[in-house]
Amino acid sequence: ESMVKVCDVVTINCPLHPGTEHLFNKELICKMKRGAYIVNTARGKICDRDAIAKALEDGRLAGYAGDVWFPQPAPESHPWRTMPHHAMTPHISGTSLSAQ
């Protein structure tokens, strides 16, 4: 928690379990350095989807990038599809020929 206060970029690389579900919620995001970026390549449910979208709309976060959604595949109405300053890609690296 103390690290997010000073980091310009926070990468999420942890497993999803009850202790990490919605770990990046409104409270933790509010403790982050204003203008920071989050890169989530772990699991979509580690982030509270609405808190991420709101933080981007308010300018608290400068950007959010990831290749994981919750639910996956994400419905057309998922807020991460239309939130500002995002770089979302499909989670397909394990399906490439070079990864196999």
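How many helices and strands are there in the protein chain? There are 2 helices and 4 strands, where helices (H or I, at least four residues) and strands (E, at least two) are DSSP runs numbered from the N terminus. The model is predicted, so local features need pLDDT of at least 70 and side-chain atom pairs count only at pLDDT 80 or more, while totals for chains, interfaces and linings use all residues. Residues are numbered from 1 along each chain as its sequence is written, and side-chain values use heavy atoms, with hydrogens and water left out.

**Overall fold**
- Along the sequence, the protein chain follows the pattern β-α-β-α-β-β.
- The C-alpha trace of the protein chain spans about 40 × 25 × 25 Å along its principal axes.

**Burial and core**
- Buried residues, meaning those under 20% relative accessible area (1.4 Å probe, protein chains only), make up 33% of the 100 residues in the protein chain.
- The largest nonpolar core, a set of buried Ala, Val, Leu, Ile, Met, Phe, Trp, Tyr and Cys residues joined through side-chain atoms within 4.5 Å, has 24 residues, of which Phe24, Met32, Ile38, Ile52, Leu61, Tyr64 and Trp80 touch the most other members.
- Strand 1 (9–12), helix 1 (26–31), strand 2 (36–40), helix 2 (49–58) and strand 3 (61–66) are the elements that give two or more residues to this core, and helix 2 gives the most, with 5 residues.

**Contacts**
- Not counting residues up to four places away in sequence, Tyr64 touches residues including Ile38, Ile52, Trp80 and His86, contact meaning heavy atoms within 4.5 Å.
- Among contacts in the protein chain between residues at least 6 apart in sequence, 63% join residues at least 24 apart.

Key
Buried means under 20% relative accessible area, exposed over 50%, partly exposed in between (1.4 Å probe, protein chains only).
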